[in-house]
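Please find below a short note prepared for your review. The points are numbered so that each can be checked against the structure as displayed.

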Amino acid sequence: GGDRIEYTGPTTTKTADITTAKMLLNSVISTKDGRFMTIDLKDFYLCSDLPKYEYVRIPVHMLPQSIIDLYDLTDKIVDGYVYAEVRKGMYGLPQAGKLANDRLREFLHPHGYVPCNVTPGLWKDLNSNLMFSLVVDDFGVRYTDKTTVHKLIEVLDKEYKSTVEWDGTRYIGLTITWDYAAGHVDISMPGYIKRALQRFS
(Lines give C-alpha, C1' and ligand atoms only; values in the text may rest on other atoms or scores of the structure.)
Protein backbone atom coordinates (compact mmCIF):
# COMPACT_ATOMS: atom_id res chain seq x y z
CA GLY A 1 0.00 0.00 0.00
CA GLY A 2 0.84 3.67 -0.28
CA ASP A 3 1.62 3.80 3.44
CA ARG A 4 4.68 1.60 2.85
CA ILE A 5 6.21 3.70 0.06
CA GLU A 6 9.22 5.83 0.92
CA TYR A 7 8.96 9.01 -1.13
CA THR A 8 11.02 12.06 -0.16
CA GLY A 9 9.70 14.56 -2.73
CA PRO A 10 6.80 16.98 -2.24
CA THR A 11 3.37 15.35 -1.98
CA THR A 12 1.00 18.16 -0.95
CA THR A 13 -1.14 20.27 -3.23
CA LYS A 14 -3.45 23.18 -2.54
CA THR A 15 -7.13 22.42 -3.05
CA ALA A 16 -10.24 24.32 -2.00
CA ASP A 17 -11.52 23.76 1.51
CA ILE A 18 -15.17 23.70 2.58
CA THR A 19 -15.11 27.42 3.41
CA THR A 20 -13.92 28.32 -0.09
CA ALA A 21 -16.63 26.11 -1.62
CA LYS A 22 -19.33 27.74 0.53
CA MET A 23 -18.09 31.22 -0.38
CA LEU A 24 -18.26 30.29 -4.06
CA LEU A 25 -21.86 29.11 -3.62
CA ASN A 26 -22.74 32.42 -1.98
CA SER A 27 -20.95 34.21 -4.81
CA VAL A 28 -23.22 32.44 -7.32
CA ILE A 29 -26.32 33.80 -5.58
CA SER A 30 -24.75 37.27 -5.26
CA THR A 31 -23.78 37.47 -8.94
CA LYS A 32 -26.39 38.76 -11.40
CA ASP A 33 -27.49 35.82 -13.58
CA GLY A 34 -25.07 33.58 -11.67
CA ARG A 35 -25.45 29.82 -12.03
CA PHE A 36 -23.60 26.77 -10.69
CA MET A 37 -22.64 23.44 -12.24
CA THR A 38 -20.06 20.73 -11.61
CA ILE A 39 -17.47 18.83 -13.61
CA ASP A 40 -15.81 15.63 -12.39
CA LEU A 41 -12.62 14.41 -14.08
CA LYS A 42 -12.28 10.65 -14.48
CA ASP A 43 -9.00 8.75 -14.00
CA PHE A 44 -7.41 12.02 -12.83
CA TYR A 45 -4.36 10.42 -11.20
CA LEU A 46 -3.78 8.02 -14.07
CA CYS A 47 -3.04 10.75 -16.62
CA SER A 48 0.27 11.93 -15.16
CA ASP A 49 3.68 10.54 -16.10
CA LEU A 50 5.95 9.78 -13.15
CA PRO A 51 9.27 11.64 -13.34
CA LYS A 52 10.84 8.66 -11.58
CA TYR A 53 9.32 5.21 -12.04
CA GLU A 54 8.01 3.24 -9.09
CA TYR A 55 7.88 -0.54 -8.75
CA VAL A 56 5.25 -2.83 -7.34
CA ARG A 57 5.01 -6.53 -6.63
CA ILE A 58 1.66 -8.24 -6.94
CA PRO A 59 0.96 -11.57 -5.19
CA VAL A 60 0.01 -14.01 -7.93
CA HIS A 61 -3.03 -15.18 -5.94
CA MET A 62 -4.52 -11.70 -6.49
CA LEU A 63 -4.35 -12.05 -10.28
CA PRO A 64 -7.17 -13.85 -12.08
CA GLN A 65 -6.03 -16.60 -14.43
CA SER A 66 -7.55 -14.66 -17.33
CA ILE A 67 -5.15 -11.75 -16.64
CA ILE A 68 -2.17 -14.11 -16.31
CA ASP A 69 -3.09 -15.65 -19.67
CA LEU A 70 -3.90 -12.33 -21.39
CA TYR A 71 -0.53 -10.77 -20.50
CA ASP A 72 1.47 -14.02 -20.65
CA LEU A 73 2.65 -13.65 -17.04
CA THR A 74 3.37 -17.30 -16.21
CA ASP A 75 7.11 -17.04 -16.87
CA LYS A 76 7.24 -13.68 -15.06
CA ILE A 77 6.14 -15.11 -11.69
CA VAL A 78 9.02 -15.06 -9.19
CA ASP A 79 8.56 -16.60 -5.74
CA GLY A 80 4.79 -16.13 -5.98
CA TYR A 81 4.88 -12.51 -7.19
CA VAL A 82 4.69 -10.57 -10.44
CA TYR A 83 6.82 -7.42 -10.47
CA ALA A 84 5.71 -4.36 -12.44
CA GLU A 85 7.09 -0.97 -13.35
CA VAL A 86 4.72 1.94 -12.69
CA ARG A 87 5.18 4.75 -15.23
CA LYS A 88 1.95 6.68 -14.66
CA GLY A 89 0.33 8.11 -11.57
CA MET A 90 -1.99 5.75 -9.72
CA TYR A 91 -4.08 5.77 -6.58
CA GLY A 92 -1.98 4.94 -3.54
CA LEU A 93 1.22 6.69 -4.65
CA PRO A 94 1.99 9.53 -2.20
CA GLN A 95 3.05 11.87 -5.03
CA ALA A 96 0.13 11.08 -7.38
CA GLY A 97 -2.15 13.92 -6.24
CA LYS A 98 0.52 16.60 -6.54
CA LEU A 99 1.68 15.37 -9.94
CA ALA A 100 -1.88 15.27 -11.26
CA ASN A 101 -2.64 18.76 -9.92
CA ASP A 102 0.60 20.19 -11.33
CA ARG A 103 -0.19 18.67 -14.72
CA LEU A 104 -3.70 20.14 -14.69
CA ARG A 105 -2.33 23.57 -13.75
CA GLU A 106 0.20 23.51 -16.59
CA PHE A 107 -2.46 22.32 -19.02
CA LEU A 108 -5.06 24.98 -18.11
CA HIS A 109 -2.74 27.99 -17.90
CA PRO A 110 -2.31 28.59 -21.67
CA HIS A 111 -6.10 28.57 -22.01
CA GLY A 112 -6.50 31.40 -19.50
CA TYR A 113 -7.51 29.43 -16.39
CA VAL A 114 -5.32 30.33 -13.43
CA PRO A 115 -5.40 29.83 -9.65
CA CYS A 116 -6.26 32.91 -7.60
CA ASN A 117 -3.26 34.30 -5.76
CA VAL A 118 -4.41 34.11 -2.14
CA THR A 119 -7.16 31.48 -2.01
CA PRO A 120 -6.00 27.88 -2.47
CA GLY A 121 -8.21 25.88 -4.82
CA LEU A 122 -10.05 28.90 -6.25
CA TRP A 123 -9.51 29.49 -9.98
CA LYS A 124 -10.56 32.19 -12.42
CA ASP A 125 -10.94 32.52 -16.16
CA LEU A 126 -8.92 35.50 -17.40
CA ASN A 127 -11.31 35.89 -20.35
CA SER A 128 -14.66 35.93 -18.52
CA ASN A 129 -16.23 36.08 -15.06
CA LEU A 130 -16.25 32.26 -14.77
CA MET A 131 -14.70 30.97 -11.56
CA PHE A 132 -14.37 27.51 -10.08
CA SER A 133 -13.23 25.80 -6.93
CA LEU A 134 -11.16 22.67 -7.41
CA VAL A 135 -11.08 19.82 -4.90
CA VAL A 136 -8.81 17.09 -6.30
CA ASP A 137 -10.67 16.37 -9.56
CA ASP A 138 -14.04 18.00 -8.78
CA PHE A 139 -14.86 21.41 -10.28
CA GLY A 140 -17.59 23.60 -8.78
CA VAL A 141 -18.19 26.22 -11.47
CA ARG A 142 -19.79 29.67 -11.15
CA TYR A 143 -20.82 31.19 -14.46
CA THR A 144 -23.21 33.68 -16.04
CA ASP A 145 -22.84 32.60 -19.67
CA LYS A 146 -23.09 28.93 -20.66
CA THR A 147 -20.71 29.44 -23.59
CA THR A 148 -17.86 30.04 -21.12
CA VAL A 149 -18.61 26.68 -19.48
CA HIS A 150 -18.74 24.94 -22.86
CA LYS A 151 -15.31 26.41 -23.60
CA LEU A 152 -13.91 25.05 -20.29
CA ILE A 153 -15.40 21.61 -20.99
CA GLU A 154 -14.01 21.67 -24.54
CA VAL A 155 -10.54 22.48 -23.18
CA LEU A 156 -10.70 19.75 -20.51
CA ASP A 157 -11.92 17.20 -23.07
CA LYS A 158 -8.62 17.56 -24.94
CA GLU A 159 -6.81 15.76 -22.12
CA TYR A 160 -9.35 14.30 -19.71
CA LYS A 161 -12.58 12.33 -19.56
CA SER A 162 -15.24 14.06 -17.52
CA THR A 163 -18.83 13.96 -16.39
CA VAL A 164 -20.88 17.15 -16.30
CA GLU A 165 -23.82 17.97 -14.02
CA TRP A 166 -25.61 21.14 -15.08
CA ASP A 167 -28.05 21.20 -12.14
CA GLY A 168 -25.21 21.72 -9.63
CA THR A 169 -27.03 19.97 -6.80
CA ARG A 170 -24.13 17.80 -5.53
CA TYR A 171 -20.57 18.93 -4.81
CA ILE A 172 -17.86 17.54 -2.47
CA GLY A 173 -20.41 15.68 -0.37
CA LEU A 174 -22.83 18.61 -0.11
CA THR A 175 -26.43 18.49 -1.33
CA ILE A 176 -27.26 21.92 -2.76
CA THR A 177 -30.75 23.34 -3.29
CA TRP A 178 -30.84 26.40 -5.54
CA ASP A 179 -33.52 29.09 -5.69
CA TYR A 180 -31.93 31.47 -8.17
CA ALA A 181 -35.06 33.63 -8.50
CA ALA A 182 -35.20 34.29 -4.75
CA GLY A 183 -31.42 34.62 -4.45
CA HIS A 184 -31.24 31.73 -2.01
CA VAL A 185 -29.16 28.55 -1.66
CA ASP A 186 -29.40 25.79 0.96
CA ILE A 187 -26.69 23.23 1.63
CA SER A 188 -27.13 20.04 3.58
CA MET A 189 -25.64 16.59 4.12
CA PRO A 190 -28.60 14.20 4.41
CA GLY A 191 -27.85 11.13 6.51
CA TYR A 192 -24.55 12.54 7.82
CA ILE A 193 -25.48 12.34 11.52
CA LYS A 194 -26.89 8.83 11.18
CA ARG A 195 -23.74 7.61 9.40
CA ALA A 196 -21.50 9.30 11.98
CA LEU A 197 -23.38 7.69 14.87
CA GLN A 198 -23.05 4.27 13.24
CA ARG A 199 -19.36 4.78 12.50
CA PHE A 200 -18.46 5.90 16.01
CA SER A 201 -20.97 3.60 17.78
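1. Leaving aside its neighbours within four places in sequence, with which residues is K42 in contact? In this predicted model, the contacts of K42 outside that window are K161, S162 and T163. K42 and T163 lie 121 residues apart in sequence, yet their C-alpha atoms are 7.6 Å apart in space. K42 belongs to strand β1, which covers residues 35-42. With a relative accessible area of 35%, K42 is classed as partly exposed, because that class lies between the cut-offs of 20% for buried and 50% for exposed.

2. Strand β7 (residues 131-135) is mostly covered, with 5 of its 5 residues buried. M131, S133 and V135 point one way from β7, while F132 and L134 point the other way. The residues on both sides of β7 are buried.

3. Strand β7 has antiparallel pairings with β6 and with β8. Strand β6 (residues 122-125) is joined to β7 over 3 bridges in the antiparallel sense, and K124 stands opposite M131. The β6-β7 hairpin has 5 residues between its strands. On the pairing with strand β8 (residues 138-143), β7 makes 5 bridges, again antiparallel, and S133 stands opposite G140. The hairpin of β7 and β8 has 2 residues between the strands, and V136 in that turn has a positive phi of about 60°.

4. A further sheet deserves separate mention. It is open, has 3 strands in the order β10-β11-β12, and its pairing is antiparallel. The edge strands are β10 (170-171) and β12 (184-188), each of which pairs on one side only. Strand β11 (residues 174-179) is joined to β12 by 5 bridges, and W178 has V185 in β12 as its bridge partner. Helix α1 (residues 18-30) lies across β10, β11 and β12, at about 15° to β11.

5. Helix α5 (residues 192-199) offers a contrast in cover to strand β7. The count of buried residues among the 8 residues of α5 is 0, and the helix is hardly covered. I193 is located in this helix. I193 counts as exposed because its relative accessible area of 59% is over the 50% cut-off. Following α5 comes S201, whose phi is positive, near 55°.

6. Which residues form a nonpolar patch on the surface? The patch consists of M189, Y192, I193 and L197, which together have about 440 Å² of accessible area.

Notes:
Residues are numbered from 1 along each chain as its sequence is written. This is a predicted model: local features need pLDDT of at least 70, side-chain atom pairs count only at pLDDT 80 or more; totals for chains, interfaces and linings use all residues. Side-chain values use heavy atoms; hydrogens and water are left out. Two strands pair if DSSP finds at least two bridges between them. Helices (H or I, at least four residues) and strands (E, at least two) are DSSP runs, numbered from the N terminus. Contact means heavy atoms within 4.5 Å. Axes are lines fitted to C-alpha atoms, for helices over the stretch in contact, and angles run from 0 to 180 degrees between N-to-C directions. Patches are made of residues with over 30% relative accessible area and no salt bridge: like charges are joined within 9 Å, nonpolar side chains (Val, Leu, Ile, Met, Phe, Trp, Tyr) within 5 Å. Accessible areas come from the Shrake-Rupley method with a 1.4 Å probe; for residues, only the protein chains shown count as cover. A salt bridge is a side-chain nitrogen of Lys or Arg within 4 Å of a carboxyl oxygen of Asp or Glu. Buried means under 20% relative accessible area, exposed over 50%, partly exposed in between (1.4 Å probe, protein chains only).
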